[in-house]
Amino acid sequence: MSSSSVQPHLEPQVTRRRLISILLGGGLLASLASFFYPVVRYLVPPPVADLGTDEVVAAKIADLKSNSGKIFRFGSRPGLLIMNADGTYRALSATCTHLGCTVQYRPDLREIWCACHNGLYDLNGRNISGPPPRPLEVFDVHLRGEDIVVSRKRES
Ligand code: FES
């Protein structure tokens, strides 16, 4: 028998073990990220986008019945025009402050409702129930001939 012995070659095994650890660690991180990302998106509202305009004709007077609402385009975002039961108008941003779904007027509740996660706002745009974290932006409304004109509130 010779005095030289064959040493086992450990390097490839260590490398393989390290590779498996990296793959398992990466898979675990990916699993955690895919679990937490939707949770974080649910809890953190998106930033408010700029409207891109100051005034629009939201509707004609004849377009709305009492106690009804209409979605209109206010620059880059939707707006909600409401004719109250007493004939007065109200206009607000129609972008839910939770995750940005478009809200709608609920004539049965006389409130503004977001169907996505059952968020509720009063007619002053205040978030009163559900996940929305802040009120809707309220716009000014005035009549110009047959047009219902909506504009950004002027800071006073
Ligand atoms: S987007 Fe969640 S309540 Fe409106």
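Q: Which residues does tyrosine 89 touch in this predicted model, not counting residues up to four places away in sequence?
A: The model is a predicted one. Neighbours up to four places away in sequence are not counted here. The contacts of tyrosine 89 are then Ile61, Leu64, Leu81, Ile82, Met83, Asn84, Val141, Leu143 and Ile148.

Q: Which strand supplies the largest share of the largest nonpolar core?
A: The largest nonpolar core has 13 residues, and Tyr89 is among the members that touch the most others, as are Leu64 and Phe72. At least two residues of this core come from each of β1 (55-60), β2 (68-74), β3 (77-83), β4 (89-93) and β10 (147-151). The largest share, three residues, is that of β1.

Q: How many residues make up the second, separate core?
A: Ile82, Tyr105, Tyr121 and Leu136 are included in this second core. Its number of residues is twelve.

Q: How many residues apart in sequence are the parts that the disulfide ties together?
A: The structure holds one disulfide, formed by cysteine 101 and cysteine 116 with sulfur atoms 1.9 Å apart. Cysteine 101 lies in the loop between β4 and β5 (104-106), whereas cysteine 116 lies in the loop between β6 (111-114) and β7 (119-121). The pair therefore ties together parts whose separation in sequence is 15 residues.

Q: Is cysteine 114 buried or exposed?
A: A residue is buried when its relative accessible area is under 20%. The relative accessible area of cysteine 114 is 3%, so cysteine 114 counts as buried.

How values were computed: Residues are numbered from 1 along each chain as its sequence is written. This is a predicted model: local features need pLDDT of at least 70, side-chain atom pairs count only at pLDDT 80 or more; totals for chains, interfaces and linings use all residues. Side-chain values use heavy atoms; hydrogens and water are left out. A nonpolar core is a set of buried Ala, Val, Leu, Ile, Met, Phe, Trp, Tyr and Cys residues joined through side-chain atoms within 4.5 Å. Buried means under 20% relative accessible area, exposed over 50%, partly exposed in between (1.4 Å probe, protein chains only). Helices (H or I, at least four residues) and strands (E, at least two) are DSSP runs, numbered from the N terminus. Contact means heavy atoms within 4.5 Å. A disulfide is a pair of cysteine sulfur atoms within 2.5 Å.
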